[in-house]
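Let's take a walk through this structure together, one region at a time. Have the sequence and the 3D view open as you read.

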Amino acid sequence: MEKQIHCFLCILILLATNSLCVNKTMNSEELLICMQNIKKVFYTDEVETRALAGIELDIRQGEYLSITGPSGCGKSTLLSLLGLLDTPTEGRYRLAGSEVADLSIADRAHIRNKEIGFIFQAFNLIGDLKVIENVELPLTYRPGVSRKERRDRALESLERVGMAHRLNHYPSQLSGGQQQRVAVARALVGQPSILLADEPTGNLDSRNGEQVMLLLEELHKHGATICMVTHDPRYAAMAERQIFLFDGQVVDEEEMQRLRDEEDRRVRELAMADRSA
Ligand SMILES: Nc1ncnc2c1ncn2[C@@H]1O[C@H](COP(=O)(O)OP(=O)(O)OP(=O)(O)O)[C@@H](O)[C@H]1O
Ligand SMILES: [Mg+2]
């Protein structure tokens, strides 16, 4: 009898351990980002702008997502909330397993430095700093990273984007495409959980734009999680998953087309009314 109880207990422990393992596996595949009913209203001089109107968005680790939509539909606002540059007016946001919607400025800065890599349309490199110093910069805010480690990691990051031969140049001595590649290296250097890119090709000619897109694709193939805003449907289609924003809401592709056609029709009607007036 005692033996049977012992066996039974062993099976129970085994089952419990297994279910823990399953949960662990599920956790490792868990959502990196989970936004629920995210709203953002800007208040200026008694004018209220509803930039985001109830966003539901999940991003899994390793996903490559593009966001498109007409000008003013809330793409940059969404990206700045995803990147903890701003806080939502309402809604829940979980990033890497933690609730982050209502953190203090200092806590947000800390998590941002660890989890987020930004790539902006205008590159945003610091003109007075050399390429290598620009890339090292995010690590200077990390406690416990030595000077040597900083330099080594920055070098490694520049090698990944094919810019290690321009360490001592200043941003103004580089082409636009090269500057954006340095900005990608800076975004990568802290090994963030996600890269957020707002119109990364917006200031580039098509050849340089394509190179930056190929670089993002390459990073994704090596496991990077990327969320990119773009106006260019060709680039949006290079992502693994496309989402469409309209008037601060996520809509599906068909709905997006219908809303666009409706807007075009309204603009044409207004133009005709103007002409006949
Ligand atoms: N700081 C702010 N204060 C007031 N209104 C803002 C602010 N930032 C954005 N908005 C408004 O929120 C709306 C969404 O702006 P957002 O910049 O997110 O659009 P977008 O989709 O990125 O547009 P674009 O494609 O032109 O970059 C717009 O109506 C804009 O005027
Ligand atoms: Mg924008």
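Helix H3 (105–115), helix H5 (147–160) and helix H6 (176–188) are among the elements that cover the buried residues of helix H4. This is a predicted model, by the way, so everything here is read from predicted coordinates. H4 itself runs over residues 131–140, and seven of its ten residues are buried, so the helix is largely enclosed by the rest of the structure. Want to find them on screen? Look for Val131, Ile132, Asn134, Val135, Glu136, Pro138 and Leu139.

H6 turns up again when you look at the nonpolar core. The largest one has 62 residues, and those with the most contacts inside it are Ala185, Leu196, Ile226 and Cys227. H6 gives the most to this core, with six residues. As a general backdrop, nonpolar side chains in soluble globular proteins tend to be buried together. Pick out Leu196 for a closer look: leaving aside residues up to four places away in sequence, Leu196 touches Leu79, Leu82, Gly83, Ile116, Phe118 and Cys227.

Now over to the strands. Four of them form an open sheet in the order E2-E1-E4-E5, with antiparallel pairing. E2 and strand E5 (98–99) are the edge strands, each pairing on one side only. Between E1 and E2 the antiparallel pairing runs over eleven bridges. One spot to zoom in on is Thr44, which stands opposite Val47 in E2.

Thr44 also brings us to ligand 1. Which residues sit around ligand 1? They are Phe42, Thr44, Thr49, Ala51, Gly69, Ser71, Gly72, Cys73, Gly74, Lys75, Ser76 and Thr77. Strand E1 (31–44), strand E2 (47–60) and helix H2 (75–82) are the elements that each give two or more residues to this shell. The largest share, three residues, comes from H2. Sorted by character, the shell has three nonpolar residues, eight polar ones and one charged.

Finally, how far can you lean on the picture? The mean pLDDT of the protein chain is 88, and 90% of its residues reach 70 or more. Residues 7–28 are another story: their pLDDT is below 50, and beyond near neighbours in sequence this stretch has zero contacts in the model. Where pLDDT is low, the predicted coordinates should not be read in detail.

Terms used:
Residues numbered from 1 in each chain as written. Chains lettered and ligands numbered in written order. Predicted model: local features only at pLDDT ≥ 70, side-chain atom pairs only at ≥ 80, totals over all residues. Near = placed C-beta within 6 Å. Helix = DSSP H or I, 4+ residues; strand = E, 2+ residues; numbered from the N terminus. Nonpolar A, V, L, I, M, F, W, Y, C, P; charged D, E, K, R; others polar. Buried ≥ 20, exposed ≤ 12 C-beta atoms within 10 Å, placed from the backbone. Contact = placed C-beta atoms within 7 Å. Pairing = 2+ DSSP bridges. Core = buried A, V, L, I, M, F, W, Y, C linked by C-beta atoms within 7 Å. pLDDT = per-residue confidence, 0-100.
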